[in-house]
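These are my notebook entries on one protein chain. I set down what I looked up, in the order in which I looked.

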Amino acid sequence: MYGRFSRSTDVWLRRASKLDSGGFHVVHARRIILGVLRASHFLSVCFCLPIFTLVPMPSTGVTVQGSGVRPTLGFACCDQGTAPMQALFADPDVIAALRELHAQVGMAIADFSPERAQVVRFLNQQQIPVIAGVTLQTKDGPYFNADDVDEAPAQIADFEKWTRENGLRWDAVGLDIEPNFSELAALKNHRWRQLTTLLRNSLDGKRMGRAHDGYSLLIRQIQSQGYPVETYTLPYGPVERNVNATLIDRMLGTVDVRGNENDVMIYTSYARPAGSAIILELGPYTQGIVVGITDGLSPVGSGYGPLDWDEFSSDLLVANHFTHHIGVYNLEGCVRQGYLPRLETMDWGGSVIIPAASISRVKRRVMALRIALWLGSNLLYIAIVSIFSVSWLVWRWRTRRNKKSTVKRPWSPWQIRRS
């Protein structure tokens, strides 16, 4: 590739020399341009090299040992309508298993209906801790993001009013901060509009600053009512924090705000065959981890679908190595697949062997993401340094050329005219 650049540059310079009647020094210009090309090629190699060589890759699998202590499990549920919610908690075996596990229930507050309030009161009576997963009830979807910061306070006010009127008790309030998937889906078939939208968002720092201030104020308001606040973020969150970048947040509208606890949603069902290796890589940078998914259909040939027991238990043990608060998405899937009784007898001191190939795959992808985030976040500075470097090279070359042109050459005998 570099050879093609060199040859094309030579051709361009030869053509330019024919048009230059002022005696432009083609050799010096060629050296400058080729030097810039070599420097660019060298930098690109330096940035890509860590992905393959500087990341330590294990030659054998890694054994992860469980803590030996059952963590606090929180099961997300009730985002599939009123009737399934009522049927779920009408099963006495489900209630008995939740009490035996001392588990929390993270209920999605998809509406402020009397039926949902009745189920919450029933769980309160059964001494089962309930976390209110407050959602937005707007056309843009249920998740909080930068574009919905103006609607969020009104939603929280309605939630607090509904709580008081029905005498409900909550162990915490959860805010799920995710992209506006409705907008992204609408732009799926319009690649150019999607690209321009993401680019515009990435440059809009004021939008993110206003959203960060708004959600921080909202969290403090909820805490003032006596409720701890949990925030839930996507797996790229810890990677962005490690490199002090906000590029993906700005592009997708996710806001890096944290309450009393921040849980990272690491759904390995969407990342086969890497599996638990993702939790192993991101676990050290998390407070809490949400694993999943355990429910849903498995489209033929997609590689997605609910976790089986081996995958589910592996994710739980690896997550328990890093945190004692583990969320599960979702309760309906665990009931359907019969996981609750197995969790009651699970050995939390067991071990999991994660294959070396899975670990290597994850490390390379995380390192590539870190490099991309660093380059994207520092693109302006890189451009400024590049411009100054090229300007300095040109200035140095012109200075040398001017010095050479001012040196007096000795007169040759045939140049002296006899009087």
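**Entry 1: aromatic residues.** I began with tryptophan 170, which is buried because its relative accessible area is 7%, under the 20% cut-off. I note that the model is a predicted one. A search of the whole structure gave me eight aromatic pairs. In one of them, phenylalanine 144 and tyrosine 215 meet edge-to-face, with 6.1 Å from centre to centre and 85 degrees between the planes. I then checked where the two partners sit: phenylalanine 144 is in the loop between β4 and α6, and tyrosine 215 is in helix α9 (residues 205-224). They are 71 residues apart, and the pair links distant parts of the chain. I found phenylalanine 144 buried, at 0% relative accessibility. Tyrosine 215 is buried as well, with a relative accessible area of 1%.

I next returned to tryptophan 170, which forms a tilted pair with phenylalanine 159, at 5.6 Å centre to centre and 45 degrees between the planes. Phenylalanine 159 belongs to helix α6 and tryptophan 170 to the loop between α6 and β5, so this pair ties together parts 11 residues apart in sequence. For phenylalanine 159 I recorded a relative accessible area of 2%, so this residue is buried. Both residues belong to one aromatic cluster, formed by Phe112, Phe159, Trp162 and Trp170.

**Entry 2: strand β4.** I asked how many residues of strand β4 (residues 130-134) are buried. Five of the five are, so the strand is largely enclosed by the rest of the structure. I then looked at the directions of its side chains. In general, side chains in a regular strand alternate between the two faces of the sheet. In β4, Val130, Ala132 and Val134 point one way, while Ile131 and Gly133 point the other way.

I looked up the neighbours of the strand as well. Strand β3 (residues 104-109) pairs with β4 in the parallel sense over five bridges. Opposite isoleucine 131 of β4 stands glycine 106. Between β3 and β4 the chain passes through helix α5 (residues 114-125), and this β-α-β crossover is right-handed. Strand β5 (residues 172-176) also runs parallel to β4, joined by four bridges. There, glycine 174 of β5 is the bridge partner of glycine 133.

**Entry 3: valine 290.** I located valine 290 in strand β8 (residues 288-292). Its relative accessible area is 9%, so I entered valine 290 as buried. Leaving out residues up to four places away in sequence, I listed its contacts: Asp263, Val264, Met265, Ile266, Tyr267, Gly327, Val328 and Tyr329. I also noted that valine 290 and tyrosine 232 are 58 residues apart in sequence and 8.5 Å apart in space, C-alpha to C-alpha.

**Entry 4: helix α13.** I compared the expected and the modelled span of helix α13 (residues 309-320). At 1.5 Å a residue, its 12 residues should span 16 Å, and the end C-alpha atoms are 16 Å apart, which agrees. I then asked how many of these residues are buried. The count is 10 of the 12, so α13 is largely enclosed by the rest of the structure. Among the buried residues are Trp309, Phe312, Leu316 and Asn320. At the start of the helix, I found a side-chain oxygen of aspartate 308 within 3.2 Å of the backbone nitrogen of aspartate 310.

Technical notes
Residues numbered from 1 in each chain as written. Predicted model: local features only at pLDDT ≥ 70, side-chain atom pairs only at ≥ 80, totals over all residues. Heavy atoms only, no water. Buried < 20%, exposed > 50% of the residue type's maximum accessible area, 1.4 Å probe, protein only. Helix = DSSP H or I, 4+ residues; strand = E, 2+ residues; numbered from the N terminus. Pairing = 2+ DSSP bridges. Right-handed = clockwise from strand over helix to strand, strands pointing away. Contact = heavy atoms within 4.5 Å. Expected span 1.5 Å × (residues − 1). Polar contact = N/O pair within 3.5 Å; in protein donor to acceptor, adjacent residues only side chain to side chain. Phe/Tyr/Trp six-rings, centres within 6.5 Å; stacked < 30°, edge-to-face > 60°.
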